[in-house]
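Me: I'd like to learn how to read a fold from its coordinates. Can you walk me through this one?

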Amino acid sequence: MGEPADDLGRLDAFTYLTVPERGVYLAIMRLFTASLMTDLSAQQVVEELAAHEIDISLDTAVSRLNQLVGWGNLLPSSHTVRVKSIEEYQRARSRYQLSSARRTGAAAGR
């Protein structure tokens with residue numbers, strides 16, 4: 001008995017728990033589920049993780065956040081900022097928040 005593709009697709013949101021870097025992914029997801037209205041930049045994620053003695057580079061944070069977007073855990077968002085380079089613009093403007101599916105799951109788990 002097969003499961004509908006939509007049901008199986010929802011399982012992608014849990015992929016971060018099965019990868020070798022799951023400790024970092026779990027720490028990132030805890031930052032976002034601490035409050036249902038959390039909206040963080042990659043730099044803020046690096047700083048918050050450092051406060052919990054988890055050190056990752058900004059490039060690694062961007063990569064992990066984008067992967068969480070791909071799995072359906074986070075949604076990208078943006079805001080206006082003043083910057084001096086295109087790279088600074090791309091990094092500072094990109095922000096992330098929980099996807100609606102993950103918000104529902106986080107609320108149910110409390």
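Me: Which residues have the most contacts inside the largest nonpolar core?

Reply: Start with the general idea: in soluble globular proteins, nonpolar side chains tend to be buried together. Keep in mind that this is a predicted model. Here the largest nonpolar core has 22 residues, and those with the most contacts inside it are Ile 28, Phe 32, Val 45, Leu 49, Leu 65, Leu 68 and Leu 74. At least two core residues each come from helix H2 (22-33), helix H3 (42-51), helix H4 (58-70) and strand E3 (94-98). H2 gives the largest share, seven residues.

Me: Let me zoom in on one of those. What does Val 45 touch, leaving out residues up to four places away in sequence?

Reply: With those sequence neighbours left out, Val 45 touches Ile 28, Leu 31, Phe 32, Leu 40 and Leu 65.

Me: Back to H2, then. Which of its residues are buried?

Reply: Val 24, Tyr 25, Ala 27, Ile 28, Met 29, Leu 31 and Phe 32 are the buried ones in H2. You can also check the helix's length: at 1.5 Å a residue, its 12 residues should span 16 Å, and the end C-alpha atoms are 16 Å apart, so the two agree.

Me: And how do I read the buried side of a helix like H4? Why do its buried residues line one face?

Reply: The general idea first: an α-helix has 3.6 residues a turn, so residues three or four places apart point the same way. In H4, the buried residues are Ala 61, Arg 64, Leu 65 and Leu 68. Looking down the axis of H4, they fall within an arc of 100°, so they line one face of the helix. The length check works here too: 13 residues at 1.5 Å each should span 18 Å, and the ends of H4 are 18 Å apart by C-alpha, which agrees. Just after H4, Gly 72 has a positive phi of about 95°.

Me: Now the loop between H3 and H4. Is Ile 56 buried or exposed there?

Reply: Buried means under 20% relative accessible area. Ile 56 lies in that loop between H3 and H4, and it counts as buried because its relative accessible area is 16%. Leaving out residues up to four places away, Ile 56 touches Val 24, Val 46, Leu 49 and Ala 61. Its C-alpha is 9.3 Å from that of Val 45, 11 residues apart along the chain.

Me: What about Glu 53: buried or exposed?

Reply: Glu 53 lies in the loop between H3 and H4 as well, but it counts as exposed, at 74% relative accessibility. Look at its backbone too: Glu 53 has a positive phi of about 60° although it is not a glycine.

Me: Let's try a strand. Where does Ser 41 lie?

Reply: Ser 41 is in strand E1, residues 39-41. At 9% relative accessibility, Ser 41 counts as buried. Beyond residues up to four places away in sequence, Ser 41 touches Ser 94 and Arg 95.

Me: Time to zoom out. How many helices and strands does the chain have?

Reply: Six helices and three strands, running α-α-β-α-α-β-α-β-α from the N terminus on. Of the chain's 110 residues, 28% count as buried.

Me: Last one: what share of the contacts between residues at least 6 apart join residues at least 24 apart?

Reply: That share is 56% in this chain. As for the surface, the chain exposes about 7100 Å², with carbon and sulfur atoms supplying 52% of it.

How values were computed. Residues are numbered from 1 along each chain as its sequence is written. This is a predicted model: local features need pLDDT of at least 70, side-chain atom pairs count only at pLDDT 80 or more; totals for chains, interfaces and linings use all residues. Side-chain values use heavy atoms; hydrogens and water are left out. A nonpolar core is a set of buried Ala, Val, Leu, Ile, Met, Phe, Trp, Tyr and Cys residues joined through side-chain atoms within 4.5 Å. Buried means under 20% relative accessible area, exposed over 50%, partly exposed in between (1.4 Å probe, protein chains only). Helices (H or I, at least four residues) and strands (E, at least two) are DSSP runs, numbered from the N terminus. Contact means heavy atoms within 4.5 Å. The expected span of a helix is 1.5 Å times one less than its number of residues. The arc is that of the directions from the helix axis to the C-beta atoms. Accessible areas come from the Shrake-Rupley method with a 1.4 Å probe; for residues, only the protein chains shown count as cover.
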